[in-house]
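Let's take a walk through this protein and look at its pockets. Have the structure open so you can follow along.

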Amino acid sequence: MKLLKKLVDVATGGIGKLAFDVAQKYFPPSMSEAERSKARMDFESMELQRAREADEAALEAEKAHTERVRILEGSANDLKSIPLLGPVVLFLRGCQRPFWGFATIYLDWLWFSEWALTEKQETALIVINFLVLGFLFGERAVRNVMPMITEAFRARTEGR
């Protein structure tokens, strides 16, 4: 949904200023500064109104998406209604993130302390780390770690 919001921002950003700049070329020379200010405020108000409408549309789209996912995949309350199996599934669902996180930390610890891995195995562990980081902490975590990884690969290829 962030992508939709960005698209909306790109589509609506600066429309009021652009419209004012275009209209300013055609203002009559006799137009007073007060009238120009009022026209500028009207254009800015129009831009704000358009941005508000775009934000509301993006919010509605996000709500519709969330509702669709809830309908297709069900919710935790749906699982609670299944005797015995429902609580087990809820428990497993809640455990999977810590499990993958600690398993990856353990593999990294072995990698740096005990194992002598081949280049292929190291690459596989790096991919696993990216997948787990992306899954557990999202895009921002991967984006923050990426410069260090890039520098490490650059150093390795240059033989530092």
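**Two pockets to explore**

About 150 Å³ of space lies in the second largest pocket, and that's where we'll begin. Keep in mind that this is a predicted model.

Which elements give two or more residues to the lining of this second largest pocket? They are H5 and H6. H5 gives the most, with 7 residues. If you want to find the lining on your screen, look for Arg97, Pro98, Gly101, Phe102, Thr104, Ile105 and Asp108. Then carry on along the chain to Asn129, Val132, Leu133, Leu136 and Phe137, which line the second largest pocket too. Sorted by class, its lining has 7 nonpolar, 3 polar and 2 charged residues.

Now move over to the largest pocket, which has a volume of about 250 Å³. Here the elements giving two or more residues to the lining are helix H5 (85-113), helix H6 (119-137) and helix H7 (139-158). So which element gives the most to the lining of the largest pocket? That's H7, with 6 residues.

In total, 13 residues line the largest pocket. To get your bearings, pick out Trp111, Phe112, Ile126, Ile149 and Ala152, the lining residues that lie nearest its centre. And what does the lining look like by class? The largest pocket has 10 nonpolar, 1 polar and 2 charged residues around it.

Before you leave, try colouring H5 and H6: both give two or more residues to the lining of the largest pocket, and both do so for the second largest pocket as well.

Note on methods: Residues numbered from 1 in each chain as written. Predicted model: local features only at pLDDT ≥ 70, side-chain atom pairs only at ≥ 80, totals over all residues. Heavy atoms only, no water. 1 Å grid on protein atoms, 1.4 Å probe; cavity = no way out; pocket = protein on both sides within 12 Å on 5 of 7 lines; lining within 4 Å. Points joined across faces, edges and corners; volume = space filled by probe spheres on them. Helix = DSSP H or I, 4+ residues; strand = E, 2+ residues; numbered from the N terminus. Nonpolar A, V, L, I, M, F, W, Y, C, P; charged D, E, K, R; others polar.
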